[in-house]
Amino acid sequence: MGLHIENLRKEFGKLVAVKDLSLKVETGEFVSLLGPSGCGKSTTLNMIAGLLYPTSGSIFIDDVLVNELPPRDRKIGLVFQNYAVFNHMTVHDNLAFGLKIRKTPKNEIDKRIKEVAEFLRIGDVLDKRAGGLRLDQLQRVAIGRSMIVKPSLFLLDEPLSNLDAALRAVMRVELKKMQKELKQTVVYVTHDQLEAMTMSERIAVMNKGELQQYDTPSVIYNHPKNQFVANFIGSPSMNFIDCSFAEKDGKAFLDAGVFSLDITEFHEIVKAQATSSELILAIRPEDVKIMNQPSMDEAIETSVYMVEPIGVKTIVTMPIGNRMFKALAAGGFRAAIGDRKWIAFQRPKVHIIDKKTGSVVV
Ligand SMILES: Nc1ncnc2c1ncn2[C@@H]1O[C@H](COP(=O)(O)OP(=O)(O)OP(=O)(O)O)[C@@H](O)[C@H]1O
Ligand SMILES: [Mg+2]
């Protein structure tokens, strides 16, 4: 049940927009397709919806191979960024549209409209023309139009990107709540990591048409599989420092030139898995500690380049070697530009990446 995609591929001439993508979405699961612009999210969604024909591969919805089925026979609901609501029609008639096409009896149509309108809190605008609505109301109508036919699979392509930040936050919560209550299977396309992280049970991170990692938000965040995922997820982004692998007196080190980090505990795994001695040390800004004194053995001396208070936290930028390094300090952190500081890494949070392959080794 749910959605099952196997080796899905889409070529536009020479361009491979989606490259042999395989993915399973369980019934009732909320899955996001997340990645930068042009990575193939919409192309994937449009193939699932039946709006684009795959070059190769299979799509199963509720265990039925749907490759040859037109969109209306796929038991899907579709919501796009640009609403696709009929502006000249009332909200009521917009909601009724899909049911009328399916020749649903009038009393059943009225009952469902009442339920959906209540659920989406648009009961008070049912008689208004859609063209006169606020953006968020319009978006609710678009969602209502799709959910009213009780689709097996709900497909949404950046549905919130036209809304301002505050409304986006409200709609994010409401969409997620609706999905949970209805146990609706959802595939949600977004390039916004915050949306993907907050709403999804699992995230499929894509880049250049290829699936990079498919896992829960927590695994994606804490155990990225490669440098692309490590860099794409998290704000401010992870820090990366080029290092070389060094061995001395039975110990192993990441040698960054300006400092050296003892990684003897990972000696075997790095030796076995790294394809060369070129490694990258990766660490999230929140896992970097700033100190006024070199109170730990491994403290690295630096100075404050910039301080950016963002309310609950403060982003502090400091040079390490020839790279800028970011740390996330407490909201109350204050320092002057040029202040001398020492930083240290929370050791369990340090990742080691194979520079040649981009794979995360530790
Ligand atoms: N009909 C088409 N003809 C030719 N190329 C296309 C077509 N549709 C998409 N592409 C190309 O395929 C690639 C993937 O596009 P797609 O729209 O799936 O990306 P996306 O991840 O949805 O990006 P965005 O976040 O900008 O919406 C892009 O390089 C795009 O230019
Ligand atoms: Mg798109």
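Helices are DSSP runs of H or I with at least four residues, and they are numbered from the N terminus, as are the strands, which are runs of E with at least two. With that in hand, the fifth helix makes a friendly starting place in this predicted model. Helix H5 covers residues 165-182. At 1.5 Å a residue, its 18 residues should span 26 Å, and the C-alpha atoms at its ends are indeed 26 Å apart, so expectation and model agree. Just after H5 comes Lys183, which takes a positive phi of about 50°.

Stepping back to the whole chain, there are nine helices and 21 strands. Its C-alpha atoms fill a box of roughly 80 × 45 × 35 Å along the principal axes. The chain has 362 residues, of which 37% count as buried. A residue is called buried if 20 or more other C-beta atoms lie within 10 Å of its own. Contacts can also be sorted by how far apart the partners lie in the sequence. Among contacts between residues at least 6 apart in sequence, 65% join residues that are at least 24 apart.

Helix H4 (residues 135-147) shows what burial looks like in one element. Of its 13 residues, 11 are buried, so the helix is largely enclosed by the rest of the structure. Among the buried residues of H4 are Leu138, Val141, Ala142, Ile143 and Met147, and the list also includes Asp136, Arg140 and Arg145. What do the buried residues of H4 pack against? Their neighbours are strand S6 (76-79), helix H2 (91-101), helix H3 (106-120), strand S7 (153-157) and H5, the helix met at the start. The length of H4 can be checked in the manner used for H5. At 1.5 Å a residue, the 13 residues of H4 should span 18 Å, and its end C-alpha atoms are 18 Å apart, which agrees.

The sheets come next. Strands of a sheet pair through backbone hydrogen bonds, either parallel or antiparallel. One open sheet has four strands in the order S2-S1-S4-S5, with antiparallel pairing. Strand S5 (64-65) and S2 stand at the edges, each with a single partner strand, so one side of each is left without a neighbour in the sheet. Strand S4 (residues 56-61) is joined to S5 by two bridges, and Phe60 stands opposite Leu65 in S5. Helix H1 lies across strand S1 (3-12), S2 and S4, and runs at about 120° to S1.

H1 and S2 appear again around ligand 1. The residues around this ligand are Phe12, Leu15, Ala17, Gly35, Ser37, Gly38, Cys39, Gly40, Lys41, Ser42, Thr43 and His191. The elements that give two or more residues to this shell are strand S2 (15-25) and helix H1 (41-49). Which element gives the most to the shell? H1 does, with three residues. By class, the shell has four nonpolar, seven polar and one charged residues.

Further along the chain, strand S11 (residues 239-248) pairs with two strands. With strand S14 (residues 278-283), S11 pairs in the antiparallel sense over six bridges, and the bridge partner of Cys243 in S14 is Leu279. With strand S12 (residues 251-255), S11 shares five bridges, again running antiparallel. Here Phe245 stands opposite Leu254 in S12. S11 and S12 form a hairpin with two residues between the strands, where Asp249 takes a positive phi near 50°.

A second hairpin is made by S17 and S18, with three residues between them, and Gly311 in its turn has a positive phi of about 95°. Four bridges join strand S17 (residues 306-309) to strand S18 (residues 313-320), and the two run antiparallel. Pro309 stands opposite Thr314 in S18. This hairpin belongs to an open sheet of three strands, ordered S17-S18-S19, with antiparallel pairing. Strand S19 (323-330) and S17 stand at the edges of this sheet, and each has a single partner strand, so one side of each is left without a neighbour in the sheet. From one strand to the next, the twist averages 20°.

Notes: Residues numbered from 1 in each chain as written. Chains lettered and ligands numbered in written order. Predicted model: local features only at pLDDT ≥ 70, side-chain atom pairs only at ≥ 80, totals over all residues. Near = placed C-beta within 6 Å. Nonpolar A, V, L, I, M, F, W, Y, C, P; charged D, E, K, R; others polar. Pairing = 2+ DSSP bridges. Contact = placed C-beta atoms within 7 Å. Axes fitted to C-alpha atoms, helices over the stretch in contact; angles between N-to-C directions. Expected span 1.5 Å × (residues − 1). Buried ≥ 20, exposed ≤ 12 C-beta atoms within 10 Å, placed from the backbone.
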